[in-house]
Amino acid sequence: MPTIDPPLALLAELTHRCPLSCPYCSNPVELERASGELSGEEWRRVLREAAALGVLQVHFSGGEPMVRRDLGAMIAEAASLGLYSNLITSGTLGGEREITAFAEAGLRHVQLSVQDHEPSNADRIAGLAGAFERKMKFAAAVRAAGLPLTLNIVVHRQNLDGVAAMIDMAEALGARRVEIAHVQYYAWALENRAALLPSRAQLDAATRVVEAARERLKGVLAIDYVVPDYYGVRPKSCMNGWGRQFLNVMPSGTVVPCHAAETIPGIDFPSVRDASLADIWYRSDAFNRFRGTDWMPEPCRGCDRREIDWGGCRCQALALTGDAARTDPVCALSPDHAVIEAALGDANAAPPPLVYRQFR
Ligand code: SF4
Ligand code: SF4
């Protein structure tokens, strides 16, 4: 059994409700209803347990966390516990009044998602008319409240050609950082893969733009760039390894090591309603299932990258092979890598219509 360090960060998914319907949303395809959500008191207990466990950062997320009227009280609780708190929001509910109150309650940072630099395409991808305009006002309110701003822009085949203008937009909004992240194909994004996967030529052109902008904007705007797994030859270190640094609490209290883990069959993911976070982190079967390297099959078991990428993503292995315990197929050494080659063929065919995120 490997040594288990305490987690660094908690992702608090306060709700799956959201006014937007992004077709690449990382929420599960089976969204949780409002009636099952943890109460404010339950969330504050989770924050106290997280701080006692050694967590340093809490990311308030969703869905759209600002749907929760008690978000300010949770931010205040996090601040009183010495937790660094970050709000991950679509910026379409509320504005200056709310963000000023959150700053006064102790919020330290805001990540605002924007779907494109071009308003009509941004609204089309978000599935909400007028969303882009609200986001621009929200960004201004964040800056006026004195909070550091990161723009999160998910890129794909239907917006990637505008990456230069996206960077200009982030600079104009006074963001300190922009995260340009290619879609990762789980959950809703997997349903929309044929519509969203870019071509190799599109990807290469965008990468050149990002590299040039990084040079030009050194010290002004930090640019994080997450490339699509499917065009790599080795997988990313998903969550820096299963149960190594991060834990997610879902709206109804289920605790998972990453967004999509609940899809893995045969694992009984525990709830904060039945167990403490410390028990879940250190002792649950769910968090120990893919921890370390003992669970690995070949070729990971004998590979010198096994403690670098931890065998890639368990949820991707499940989605693409039906077995979460296999090597992530995006790795060129995986015996299942042919499924990736086959999917890349879709990137050059006419894209099918988008399937928008919705309650089913
Ligand atoms: S990805 Fe889009 S739909 Fe999903 S939570 Fe974020 S803003 Fe809402
Ligand atoms: S074989 Fe496994 S450990 Fe090695 S690079 Fe591929 S996924 Fe990573």
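How many bridges join strand β1 (residues 9-13) to strand β2 (residues 57-61), and in which sense do the two run? I found five bridges, with the strands parallel. Strands here are DSSP runs of E of at least two residues and helices are runs of H or I of at least four, both numbered from the N terminus. Two strands pair if DSSP finds at least two bridges between them.

**Conventions.** I am working on a predicted model, in which local features need pLDDT of at least 70, side-chain atom pairs count only at pLDDT 80 or more, and totals for chains, interfaces and linings use all residues. Residues are numbered from 1 along each chain as its sequence is written, while chains are lettered from A and ligands numbered from 1 in the order in which they are written.

**Sheet.** I traced nine strands in an open sheet with mixed pairing, in the order β7-β6-β5-β4-β3-β2-β1-β8-β9. β7 (222-226) and β9 (255-256) are at the edges with a single partner strand each, so one side of each has no neighbour in the sheet. Within the β1 and β2 pair, I noted that leucine 10 has valine 58 of β2 as its bridge partner.

I then looked at strand β5 (residues 149-155), which pairs with β6 in the parallel sense over six bridges. Opposite valine 154 I found alanine 181 of β6. For burial I used the count of other C-beta atoms, placed from the backbone, within 10 Å of a residue's own: 20 or more is buried, 12 or fewer is exposed, and in between is partly exposed. Side chains along β6 (residues 177-182) alternate: Val178, Ile180 and His182 point to one face and are buried, whereas Arg177, Glu179 and Ala181 point to the other and are not.

**Core.** A nonpolar core is a set of buried Ala, Val, Leu, Ile, Met, Phe, Trp, Tyr and Cys residues joined through C-beta atoms within 7 Å. The largest one has 101 residues, and Val58, Leu151, Ala170 and Ala189 touch the most other members. Its largest share, six residues, comes from α5. In soluble globular proteins, nonpolar side chains tend to be buried together.

I listed the contacts of leucine 151, where contact means C-beta atoms, placed from the backbone, within 7 Å. Apart from neighbours within four places in sequence, leucine 151 touches Leu112, Val114, Ala170, Leu173, Ala175 and Val178.

**Helices.** In α4 (residues 119-126) I found Ala122, Asp123, Ile125 and Ala126 buried. These residues are on the same side of α4 because they cover an arc of only 165° around the axis, taken from the directions from the helix axis to the C-beta atoms. Their cover includes α5 (131-144). Glycine 127, just after α4, has a positive phi of about 75°.

α12 (residues 314-321) has seven of its eight residues buried, so the helix is largely enclosed by the rest of the structure. Among what covers them are α7 (187-191) and α13 (338-344). Glycine 322 follows α12 with a positive phi near 85°.

In α2 (residues 71-80) I checked alanine 76. This alanine 76 counts as partly exposed because it has 18 C-beta neighbours inside 10 Å.

**Backbone.** I looked up two cis peptide bonds. One runs from glycine 62 to glycine 63, with omega near 15°, and glycine 63 is in the loop between β2 and α2. Another joins glutamate 298 and proline 299, with omega about 5°; proline 299 is in the loop between α11 (285-288) and α12.

Asparagine 240 is not a glycine, yet its phi is positive at about 60°. Asparagine 240 counts as exposed because it has 12 C-beta neighbours inside 10 Å. Tryptophan 310 is also not a glycine and has a positive phi of about 55°. With 25 other C-beta atoms within 10 Å, tryptophan 310 is buried.

**Ligands.** A residue is near a ligand if its C-beta atom, placed from the backbone, lies within 6 Å of it. Around ligand 1 I found residues including Cys18, Cys22, Cys25, Gly62, Gly63 and Arg357. Ala, Val, Leu, Ile, Met, Phe, Trp, Tyr, Cys and Pro count as nonpolar, Asp, Glu, Lys and Arg as charged, and the others, Gly among them, as polar. On that basis the shell of ligand 1 has four nonpolar, six polar and two charged residues. Ligand 2 has 14 residues around it, of which Cys300, Cys303, Arg305, Asp309 and Cys331 come nearest. I noted six nonpolar, three polar and five charged residues in the shell of ligand 2.

Conventions:
Two residues are in contact if their C-beta atoms, placed from the backbone, lie within 7 Å.
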